[in-house]
Amino acid sequence: MKNALGDTFADRQKTAAEAKAALLARFKPKPTVTDPALKPRAEKKAEELARVREERTAEKAAKKQAQADAAADAEAARLADEAAALDAKRGERKERKALTKAEAQAARDAKYAARKARR
């Protein structure tokens, strides 16, 4: 076979090596192009952690506030019960005084009636 192009064995070897290198270059991993709009994983993780911490802090604050409200309600109920008991005690005392006053009035009326009856 006659060589029409006039290239030598070294030229053919060089061309084969270049073709092989080009073929291998196709399989090499290409550098990835990262979108600048995407946040790195560490930043996302840090933001998620901060959000979770804020939620937990809010939950704890709400729980403490609920406990404080419950304690205040219990104290208000206790004070209301004490006031109601005191009012009931005062009412009973007023009734006793009124009965005593009525009995005293009845006794005076009886004395007056007895005095009138003797005359």
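Me: What share of the 119 residues in the chain is buried?
Reply: Buried residues make up 0% of the chain. Keep in mind that this is a predicted model. To count as buried, a residue has to have under 20% relative accessible area.

Me: How do you know that the chain isn't a compact globule?
Reply: Look at the radius of gyration. A compact globule of 119 residues would come out near 14 Å, but the chain has 53 Å. The C-alpha trace tells its own story, spanning about 175 × 20 × 20 Å along the principal axes.

Me: How many helices and strands does the chain have?
Reply: Two helices and zero strands. Helix 2 covers residues 41–118.

Me: Why is the contact between Arg51 and Glu48 called a salt bridge?
Reply: The cut-off is a side-chain nitrogen of Lys or Arg within 4 Å of a carboxyl oxygen of Asp or Glu. The closest N and O atoms of Arg51 and Glu48 are 2.3 Å apart, so the pair qualifies. Both residues sit in helix 2, three residues apart, about one turn of the helix. Glu48 is also part of a network of salt bridges with Arg51 and Glu55.

Me: Why is Arg51 called partly exposed?
Reply: Partly exposed is the range between the buried limit of 20% and the exposed limit of 50%. Arg51 has a relative accessible area of 37%, so it lands in that range. Glu48, at 39%, is partly exposed too.

Me: Which residues form salt bridges with Arg78?
Reply: Glu75 is one of them, at 2.4 Å from N to O. Glu82 is another, with its closest atoms also 2.4 Å from those of Arg78. Both values are within 4 Å, so both pairs fit the rule. Glu75 lies three residues from Arg78 in helix 2, while Glu82 and Arg78 are four residues apart there, about one helical turn.

Me: What makes Glu82 partly exposed?
Reply: Its relative accessibility is 44%, and since exposed means over 50% and buried under 20%, Glu82 falls in between. Arg78, at 38%, gets the partly exposed label as well, and so does Glu75, at 36%.

Me: How many salt bridges turn up in the whole structure?
Reply: A search finds four.

Me: Which residues gather in a patch of positive charge on the surface?
Reply: Lys111, Arg115, Lys116, Arg118 and Arg119. Lys and Arg count as positive, so the charge label fits these residues. Lys116 has its place in helix 2.

Me: How far apart are the mean positions of the positive and negative charges?
Reply: They're 6 Å apart, taken over 31 positive and 20 negative charges of the chain.

Terms used. Residues are numbered from 1 along each chain as its sequence is written. This is a predicted model: local features need pLDDT of at least 70, side-chain atom pairs count only at pLDDT 80 or more; totals for chains, interfaces and linings use all residues. Side-chain values use heavy atoms; hydrogens and water are left out. The radius of gyration is taken over C-alpha atoms; the globule rule is 2.2 Å times the number of residues to the power 0.38. Buried means under 20% relative accessible area, exposed over 50%, partly exposed in between (1.4 Å probe, protein chains only). The place of a charge is taken as NZ of Lys, CZ of Arg, CG of Asp or CD of Glu. Patches are made of residues with over 30% relative accessible area and no salt bridge: like charges are joined within 9 Å, nonpolar side chains (Val, Leu, Ile, Met, Phe, Trp, Tyr) within 5 Å. Accessible areas come from the Shrake-Rupley method with a 1.4 Å probe; for residues, only the protein chains shown count as cover.
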